[in-house]
Amino acid sequence: MGKLNVNMLRYLTREDFRVLTAVEMGMKNHEIVPGSLIASIANLRHGGVHKLLRELCKHKLLCYERGARYDGYRLTNAGYDYLALKSLTARNAVASFGNQIGTGKESNIYVVGGPEGEQLCLKLHRLGRICFRKVREKRDYHKARKQMSWIYLSRISATKEFAYMKALKSRGFPIPNPVDFNRHCIVMELVNGYPLQNIQQVENPAELYDKLMNLLLKFANHGVIHGDFNEFNIMVDDAGNPVIIDFPQMVSTAHPQAEYFFNRDVTCIRDFFRRRFNYESELAPSFVDITRVDALDAEVSASGVTKQMEKDLMAELGLDESDEESDSEGDEGEESEGENEEENGSPPDILSDDEDSIEEEEESPTKNENDDFESTADIEEMRKNVEDAVKVVEMAENGKEAENLSDDERENESENDDLEDLKDFNSRFKPFRDNMPSRTRQDSDRLSTYSVSTTSSTIAPEVIKARVRASLDRRGQKGQARRRLAKGEASAKTRNKRDNTFNIKSSTAGGFWE
């Protein structure tokens with residue numbers, strides 16, 4: 001969990017990011033991803049996955065772990081940071097990377113440059129630190145799951161915070177303007193101000209106190225409670241106006257402990273002003289003063305809001321559910337299409353260019369193939385119609401002549417008719433056979449070969465059955481899928497054999513068994 005070093009970001013190739021994405025996809029259902037699975041997901045054209053894995057481990061973007069039963073790789077925080085930064089630079093949201101300006105129990109803050117040279121703020125969520133590991137008690141990220149990786153928890157935290165910031169900024173709250181997010185990174189506006197913790201004195205403490213209390217009550221009137229409203233998450237700009245930051249812990253006013261969180265935020269502000277500015281006021285909002293004017297908690301699915309509560313809040317405030325449902329259906333359709341592309345295709349943000357070029361190349365010949373198919377279908381239809389007409393005419397002529405022929409003459413005539421019909425058919429519809437030398441009935445009789453078979457056999461039936469059974473068994477064994485073992489350093493079985501061989505040699509060399 002050290003500082004982020006982005007020097008290697010410029011030297012990583014497309015294949016490196018493809019391998020990193022393959023490890024990320026494998027960690028969805030693996031704690032340690034085996035090398036064979038990474039190779040199958042990455043699907044590099046010229047191979048070399050194990051060499052890339054060693055290089056990425058050397059730069060600490062991946063971590064190789066060997067256990068008693070499984071060996072494999074897992075993604076480190078630096079590797080996850082590189083994937084997020086690669087996606088943000090591809091979207092033209094981040095152009096340069098600066099210094100670290102802050103750190104907390106759940107995140108690191110950096111200064112980055114935008115596409116037009118403006119300064120922005122990059123927040124990297126870092127859950128799993130020693131100072132804050134009671135995530136299951138403090139947050140509702142797990143829900144029904146028993147275990148989740150810290151990387152995935154960081155991603156959930158960033159997603160929830162970005163949703164809160166978009167909803168709050170659209171309602172005019174004094175917060176940084178959110179720009180973009182990817183995985184566990186959030187890009188936002190850089191606030192030109194100072195944390196309230198670092199300010200020793202202000203011109204008018206009463207005015208600042210009133211602004212903060214009104215903001216706290218305004219949050220609650222819109223349906224959310226900050227939950228960590230203290231001097232560390234409040235910044236004051238040059239004009240003396242407060243700017244609120246840090247939102248992943250926000251809860252709904254319908255939360256079972258909403259009153260406790262609201263009173264705790266009020267107490268934090270009162271104690272700080274009394275301790276730092278020697279200012280104490282009897283005016284402070286209470287939980288009963290909340291009058292709901294909006295359903296922001298239902299919009300972002302805040303902690304403590306159920307689906308039934310969302311419907312009741314929407315109906316109470318008179319919001320149109322039809323428009324929201326149509327929007328949600330459209331979003332769900334887009335998300336499902338994106339998920340299908342990820343499942344059927346390659347990892348996102350890395351493999352899309354090749355897929356587009358391949359699709360463009362494949363679309364052009366399909367039109368010509370369809371045209372050829374239609375023309376061949378028409379020819380086949382015409383040929384079938386002609387054949388049916390010829391058969392009808394031949395049957396009528398044969399029916400008239402058959403009455404005047406004997407049995408032997410009928411057999412010979414039928415055979416000659418078949419040969420003549422085939423020749424006529426080939427000359428009409430298969431012209432490519434016209435150049436072949438013709439063969440008469442006498443030639444076919446003269447050039448035909450005859451085989452003599454006998455019913456007697458020198459091999460016993462039991463032996464034949466045994467041989468057939470053995471050949472079928474061998475064929476079935478070849479069809480079975482072979483057991484795939486991980487090669488190289490990822491083979492725990494080979495390592496155990498080598499250790500056992502070494503122990504046997506070392507024990508016999510000392511003359512212990514003599």
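This is a short dialogue on reading salt bridges and backbone angles in a predicted model.

Trainee: What should I know about the model before reading it?

Mentor: It's predicted, so local features need pLDDT of at least 70 and side-chain atom pairs count only at pLDDT 80 or more, while totals for chains, interfaces and linings use all residues. Residues are numbered from 1 along each chain as its sequence is written, and side-chain values use heavy atoms, with hydrogens and water left out.

Trainee: Okay, salt bridges. How many does the structure hold?

Mentor: The general idea is a side-chain nitrogen of Lys or Arg within 4 Å of a carboxyl oxygen of Asp or Glu. By that rule, the structure has 16 salt bridges. One of them pairs E24 with R155, at 3.5 Å from N to O.

Trainee: Where in the chain do E24 and R155 sit?

Mentor: In distant parts: E24 is in helix α1 (residues 14-26) and R155 in helix α6 (residues 150-170), 131 residues apart. Helices here are DSSP runs of H or I with at least four residues, strands are runs of E with at least two, and both are numbered from the N terminus.

Trainee: Is E24 buried or exposed?

Mentor: Using a 1.4 Å probe and protein chains only, buried means under 20% relative accessible area, exposed over 50%, and partly exposed in between. E24 is buried because its relative accessible area is 14%. Its partner R155, at 34%, is partly exposed.

Trainee: Which other residues pair up like this?

Mentor: Take K105 and D228, whose closest N and O atoms are 4.0 Å apart. That bridge also links distant parts of the chain: K105 is in the loop between β3 (96-103) and β4 (107-113), and D228 in the loop between β9 (224-225) and β10 (234-237), 123 residues apart. K105 is partly exposed, with 33% relative accessible area.

Mentor: Then there's E65 with R74, where the closest N and O atoms are 2.4 Å apart. E65 is partly exposed at 28%, and R74 is partly exposed at 30%.

Trainee: Now the backbone. What is unusual to look at in N43?

Mentor: N43 has a positive phi, about 55 degrees, although it isn't a glycine. You'll find N43 in the loop between α2 (35-42) and α3 (49-58). N43 counts as exposed because its relative accessibility is 53%.

Trainee: And where does N278 lie?

Mentor: N278 is in the loop between α8 (258-276) and α9 (296-300). N278 isn't a glycine either, and its phi is positive at about 55 degrees. At 69% relative accessibility, N278 is exposed.
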